[in-house]
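Open the model in your viewer and keep the selection tool at hand. The stops below are meant to be taken in order.

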Amino acid sequence: MSTTASPQTTSGTGPADPSADQAVKETLEDYTLRFAPRSYRRWTPMVVATTALGGIAYMADFSIGAGIGLAHGTGNALVAIAVAAVVIFVTGFPLAYYGARYNIDLDLITRGAGFGYYGSVLTSVIFASFTFIFFALEGSIMAQGLELGLGLPLWLGYLVSTLMVIPLVIYGMKALSKLQVWTTPVWLLLMVGPLVYLIATDPGTVDRFLGYAGTDGEGGLDTASVLLGAGVCLSLIAQIGEQIDYLRFMPPRTEANRRSWWTAVIMAGPGWVVLGALKQAIGVFLAVYILAEVGADAAPEPIQQFRGAFDAMMPSWMVVPLAVALVVISQIKINVTNAYSGSLAWTNSFTRVTGHYPGRMVFVLVNLGFALALMEADMFSFLNSILGFYSNCAIAWVVTVATDIGINKYLLRLSPLQPEFRRGMLYAVNPVGTVAFVAASGLSIALYFHALGDALQPYSPVAAAVLAFVLTPLMAIATKGRYYLRRADDGIDEPLLDADGNPSAVTLDCHVCRRAYERPDLTACLTHNATVCSLCLSTDTTSDHVLPA
């Protein structure tokens, strides 16, 4: 499941060396960096949705909710969580639809939604950063569990939580779908059971939860507190990228499966935030409960939250093992996704910039190295600061792409309706998305670091969202949409879409790597009367095969 590139030739005689041929084989494990063909997408909509939702079993939501609730009070925390959830749902919907409908990941969507072929490298790095930041967060939580259950020192727990995902992430969608489907029921039972028990046996916990004022507030709603909390929650807006890494394997939408298809896309696409927001609210509830039972130091840690909850309903000898089991299952479920998606993002960027592909496992290790460094630096102790800063970049990116799809494509008709990702078809950089993203993220980061005064600092996530939403259509109007497509004709007579509007399943041979690919993954070749696949185009360092403008 890696993406080693085919070698570049001008004769069409096929790969010049065995390692290049192996590279092509690796990319076909689950079509990393490529359009996902219909022949591979054999899962039902509900299996894909269950697999995608399994990836959001992370414990970070409990920590995020706890941190916001303890600082700003329950009322402000719940409103902040709700505000962030609405923004994430609205922006995630068009991205999830495009990923599922056209079977491409978020980076490929971004290329044609305002950024250009090389412009989207910038957002790929943003997404890769998301994956290792949250890998580090989940690894920290698991290390806390291993310290409690097995007495492992934190530094060793960080290492264990990093190394244990490597064997799992070597494999692609086939292995991950089995892992997520089989572990989800156990995870749900361990997460929901203690909460239901506490509420049923001690209704006073609800009153204490609702009445908690927070260390920075007096219990009333406060705009600054809500926005600060929402900013932290909005750091999760990039999670839609990981959801799309699964949703791209949705089967074609037809009249027969229309209802289940839409249900799966909404549930596993933007719908992930419903469960995410619920977990954040539970995090506030458990933090307030632990605050009364144990103390403030332990309240933000999920392992301590569930240890306290299990302690109220089970014999003491079962408490720690169950709490540790919940944390370990959650960490494995999300961190195989973080490592997998992060390696795709790094690989995609590196391959486009250099024209070479060293193997996806190299970038698995790179991503894990970044995550381990963050863990060893004790990122958990300054979690909200990291997420608050990161959210500005993530919001600007996702809102820019969502606005390009919703406004520029469907309302203004300045952006092509069908997404384009192939080299030669796109300009290197499209100023529409690139300028909007850089301006929105730059100004919001300045606000976050108090550059425009303390009073405006809480509004940095709002600035990121509003600027991206406004600048994206303004740039499209200013450029008249001329920088979306470098050329409109890919040189192949066969239609890209079938009668139902789904990507065509007709196969054609790539004359460089000598393999068959479905129609959307190919263009005509510049130097031969033949077709060439998107990966061979990406690694064509001499542009022998790239169509002219």
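The tour goes from confidence to the core, then to one helix and the cysteines.

This is a predicted model, in which local features need pLDDT of at least 70, side-chain atom pairs count only at pLDDT 80 or more, and totals for chains, interfaces and linings use all residues. Residues are numbered from 1 along each chain as its sequence is written, and side-chain values use heavy atoms, without hydrogens and water.

Colour by pLDDT, the predictor's confidence in each residue from 0 to 100. The protein's mean is 84, and 89% of its residues reach 70 or more. Select residues 1–20: pLDDT is below 50 there, yet this stretch has 76 contacts (heavy atoms within 4.5 Å) beyond near neighbours in sequence.

Next, select L95, F134 and W397. They have the most contacts inside the largest nonpolar core, of 131 residues. Such a core is a set of buried Ala, Val, Leu, Ile, Met, Phe, Trp, Tyr and Cys residues joined through side-chain atoms within 4.5 Å; buried means under 20% relative accessible area, with a 1.4 Å probe and protein chains only. Around L95, contacts more than four places away in sequence include I240, I244 and V398.

Move to helix α12, residues 239–247 (helices are DSSP runs of H or I, at least four residues, numbered from the N terminus). Nine of its nine residues are buried, among them I240 and I244.

Finally, show the cysteines. How many disulfides are there (cysteine sulfur atoms within 2.5 Å)? The count is zero. The sulfur of C513 is 3.7 Å from the closest cysteine sulfur, in C510, too far for a bond. C513 is buried at 3% relative accessibility, and C233 is buried at 1%.

How values were computed: A disulfide is a pair of cysteine sulfur atoms within 2.5 Å. Buried means under 20% relative accessible area, exposed over 50%, partly exposed in between (1.4 Å probe, protein chains only). Helices (H or I, at least four residues) and strands (E, at least two) are DSSP runs, numbered from the N terminus.
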